[in-house]
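User: Could you take me through this structure? I would like to discuss its interior first and then a few individual residues.

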Amino acid sequence: MRCMETPDNATEASDEAPAPTGIAAQDWETASADAQYRAAVVDLLGALAYGELAAFERLADDAKLAPTLGDKAALARMASAEFHHFEQLTDRLTAIDEEPTAAMEPFAKALDDFHRQTAPSDWLEGLVKAYVGDSIASDFYREIAARLDENTRSLVLAVLDDTGHGNFAVEKVRAAIEAEPRVGGRLALWARRLMGEALSQAQRVVADRDALSTMLVGGVADGFDLAEVGRMFSRITEAHTKRMAALGLAA
């Protein structure tokens, strides 16, 4: 999955958020002394990097379907931003003495399968996929970021920065529905399918990687407990409902 922040992101920090504690208050040098934590971060950066590379490729493909030259140029700019995020992540992996390709490889098949199973049939489905499907990944990674060391957290949040695709998708999809209301029903069904596939894919990726799953359920210091994992997915689902409303679609 690629990673894209949207205006109604599920994990916005509260003004009264508590100060970081444990690993979240440490820098990378201190936190990475824990071999299991280090392995989890390498997995996370690898998954994010492959997601950003896939985002670049898909935005370039979506640009080919764009109905106007202006739309094509807008998507090209967004694709360029995603590739820059990819470079930031691979540079970081190299800096911590990890080989980027090796870090990405475990996630390639699962992410490729997801994108193959949810290939859009037209321009509008591509926009909905980027806005709905990819934003679920962004929410998921933001939830994890809250438990990371300060250096890794800063990088993860930076690469989840908005490329502009969220507002672009909302504008185009709402205009299409206004012009032809019947389109809304088809896109709503498509978005529901994306939601299910995206959540299943995220769960599979984590389950296949021991270090990541241990971090989520609490085996690494300051990880999520099982109850918090449930609350996390509830927050992601709530954010999906808000995005559907922004698009003018029923959840």
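**The largest cavity**

Analyst: The largest cavity has a lining of 14 residues, and those nearest its centre are Ala47, Phe140, Tyr141, Ala202 and Val205. Please note that this is a predicted model.

User: Which elements give two or more residues to that lining?

Analyst: They are α2 (35-65), α4, α5 and α8 (182-208).

User: What is the volume of the largest cavity, and how many cavities of 30 Å³ or more does the structure hold?

Analyst: The volume of the largest cavity is about 100 Å³. The structure holds one cavity of 30 Å³ or more.

User: How do the lining residues of the largest cavity divide by class?

Analyst: The lining comprises 13 nonpolar residues and one polar residue, with no charged residues.

User: Turning to the pockets, what is the volume of the second largest one?

Analyst: The second largest pocket has a volume of about 190 Å³.

User: Which residues line the second largest pocket?

Analyst: Its lining is formed by Ala54, Glu57, Arg58, Asp61, Asp62, His115, Ala119, Pro120, Gly126 and Lys129. Two or more of these residues come from each of α2 and α5. The largest share, five residues, is from α2.

User: And the classes in that pocket lining?

Analyst: Five residues of the lining of the second largest pocket are charged, three are nonpolar and two are polar.

User: Lys129 was in that list. Which side chain does lysine 129 join in a polar contact?

Analyst: The side chain of lysine 129 makes a polar contact of 2.9 Å with the side chain of threonine 118.

User: Where is threonine 118 found?

Analyst: Threonine 118 lies in the loop between α4 (100-117) and α5 (123-145).

User: Is threonine 118 buried or exposed, and why?

Analyst: Threonine 118 counts as buried because its relative accessibility is 0%, and buried means under 20%.

User: What is threonine 118 in contact with, leaving aside neighbours within four places in sequence?

Analyst: Besides Lys129, threonine 118 is in contact with Trp190, Arg193, Leu194 and Glu197 when those neighbours are left aside. Trp190, Arg193, Leu194 and Glu197 fall within the residue range of α8 (182-208).

User: Let us move to helix packing. At what angle do the axes of α3 and α4 cross?

Analyst: The axes of α3 (residues 69-95) and α4 cross at roughly 115° and come within 8 Å. Helix α3 makes the contact through Phe86, Thr90, Leu93 and Thr94, and α4 through Pro100, Ala103 and Met104. By class, five of the residues in this contact are nonpolar, two are polar and none is charged.

User: What about the loop between α3 and α4, where glutamate 99 is found? How does its side chain reach threonine 101?

Analyst: The side chain of glutamate 99 reaches the backbone nitrogen of threonine 101 at a distance of 3.0 Å. Glutamate 99 has a relative accessible area of 45%, so this residue is partly exposed. In space, glutamate 99 is 9.5 Å from glycine 46, C-alpha to C-alpha, although they are 53 residues apart in sequence.

User: Finally, where is the place of aspartate 112?

Analyst: Aspartate 112 is in helix α4. With a relative accessibility of 29%, aspartate 112 counts as partly exposed. The C-alpha atoms of aspartate 112 and tyrosine 50 are 9.7 Å apart, with 62 residues separating the pair along the chain.

Note on methods:
Residues are numbered from 1 along each chain as its sequence is written. This is a predicted model: local features need pLDDT of at least 70, side-chain atom pairs count only at pLDDT 80 or more; totals for chains, interfaces and linings use all residues. Side-chain values use heavy atoms; hydrogens and water are left out. Helices (H or I, at least four residues) and strands (E, at least two) are DSSP runs, numbered from the N terminus. Buried means under 20% relative accessible area, exposed over 50%, partly exposed in between (1.4 Å probe, protein chains only). A polar contact is a pair of N or O atoms within 3.5 Å; within protein, one must be able to donate a hydrogen and the other to accept it, and residues adjacent in sequence count only if both atoms are side-chain atoms. Contact means heavy atoms within 4.5 Å. Axes are lines fitted to C-alpha atoms, for helices over the stretch in contact, and angles run from 0 to 180 degrees between N-to-C directions. Ala, Val, Leu, Ile, Met, Phe, Trp, Tyr, Cys and Pro count as nonpolar, Asp, Glu, Lys and Arg as charged, and the others, Gly among them, as polar. On a 1 Å grid over the protein atoms alone, a cavity is a set of points where a 1.4 Å probe fits but cannot get out, and a pocket is an open set with protein on both sides within 12 Å along at least five of seven lines; lining residues have an atom within 4 Å of a point. Grid points are joined across faces, edges and corners, and a volume is the space filled by probe spheres set on the points.
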